[in-house]
Amino acid sequence: MDSLTKRELEIMDLFTLGLKPHEISQKLSVPCKTVEISVSNIYKKLEAEISKQKEICL
């Protein structure tokens, strides 16, 4: 799996706690757009890993 960056891990942790993107951006002092892009990248990386795992199981 493409490793998640430190920032992506921070955002994922806060996201899983139920914080909304604008709340995460305030907490981390980054633009909301940065949070949205990071969440998108996290999903892409996780989807890629799930696809790889499915191939292994076939």
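Okay, let's start right at Cys57, which sits in helix α3. Keep in mind that what you're looking at is a predicted model. Is Cys57 buried or exposed? Its relative accessibility is 67%, so Cys57 counts as exposed, the cut-off for that being over 50%. Now look for Pro31 on your screens. Cys57 and Pro31 are 26 residues apart along the chain, and their C-alpha atoms are separated by 40 Å.

That brings us to α3 itself. This helix covers residues 32-57. How far apart should the ends of its 26 residues be, at 1.5 Å a residue? The expected span is 38 Å, and the end C-alpha atoms are indeed 38 Å apart, so the two agree.

Along the way there's Ile37, also part of α3. Ile37 comes out as partly exposed, because its relative accessibility is 44%, and partly exposed runs between 20% and 50%. If you go from Ile37 to Lys54, you move 17 residues along the chain, and the C-alpha atoms end up 26 Å from each other.

So which residues of α3 are buried? Those are Val35, Ser38, Val39, Ile42, Lys45 and Glu49. Here's a handy thing to remember while you look at them: an α-helix has 3.6 residues a turn, so residues three or four places apart point the same way. And what do the buried residues of α3 pack against? They pack against α1 and also α2, which is residues 21-28.

Let's take α1 and α3 together. Helix α1 runs over residues 6-16, and it packs on α3 at an angle of about 95°, with the two axes 10 Å apart. That angle is why α1 counts as roughly perpendicular to α3. On the α1 side, the contact uses Arg7, Glu8, Ile11, Met12 and Phe15. On the α3 side, you'll find Val35, Ser38, Val39, Asn41, Ile42, Tyr43 and Lys45. Sort the residues of that contact by type and you get 7 nonpolar, 2 polar and 3 charged.

Next, the inside. Which residues make up the largest nonpolar core? There are 7 of them: Ile11, Leu14, Ile24, Leu28, Val30, Val35 and Val39. Each of α1, α2 and α3 supplies at least two residues of this core. Pick out Val30 for a second: leaving aside residues up to four places away in sequence, Val30 touches Arg7, Ser25 and Val35.

Right beside Val30 in the numbering is Ser29, in the loop between α2 and α3. Ser29 isn't a glycine, yet it has a positive phi of about 55°. Ser29 is also exposed, because its relative accessible area is 67% and anything over 50% counts.

Last stop, Thr16, back in helix α1. Thr16 has a relative accessible area of 61%, so it is exposed too. From Thr16 to Leu28 you count 12 residues in sequence, and in space the distance is 15 Å, C-alpha to C-alpha.

That's the tour, so have a spin around the model yourselves.

Conventions:
Residues are numbered from 1 along each chain as its sequence is written. This is a predicted model: local features need pLDDT of at least 70, side-chain atom pairs count only at pLDDT 80 or more; totals for chains, interfaces and linings use all residues. Side-chain values use heavy atoms; hydrogens and water are left out. Axes are lines fitted to C-alpha atoms, for helices over the stretch in contact, and angles run from 0 to 180 degrees between N-to-C directions. Helices (H or I, at least four residues) and strands (E, at least two) are DSSP runs, numbered from the N terminus. Angles under 35 degrees count as roughly parallel, over 145 as roughly antiparallel, 65 to 115 as roughly perpendicular and the rest as oblique. Contact means heavy atoms within 4.5 Å. Ala, Val, Leu, Ile, Met, Phe, Trp, Tyr, Cys and Pro count as nonpolar, Asp, Glu, Lys and Arg as charged, and the others, Gly among them, as polar. The expected span of a helix is 1.5 Å times one less than its number of residues. Buried means under 20% relative accessible area, exposed over 50%, partly exposed in between (1.4 Å probe, protein chains only). A nonpolar core is a set of buried Ala, Val, Leu, Ile, Met, Phe, Trp, Tyr and Cys residues joined through side-chain atoms within 4.5 Å.
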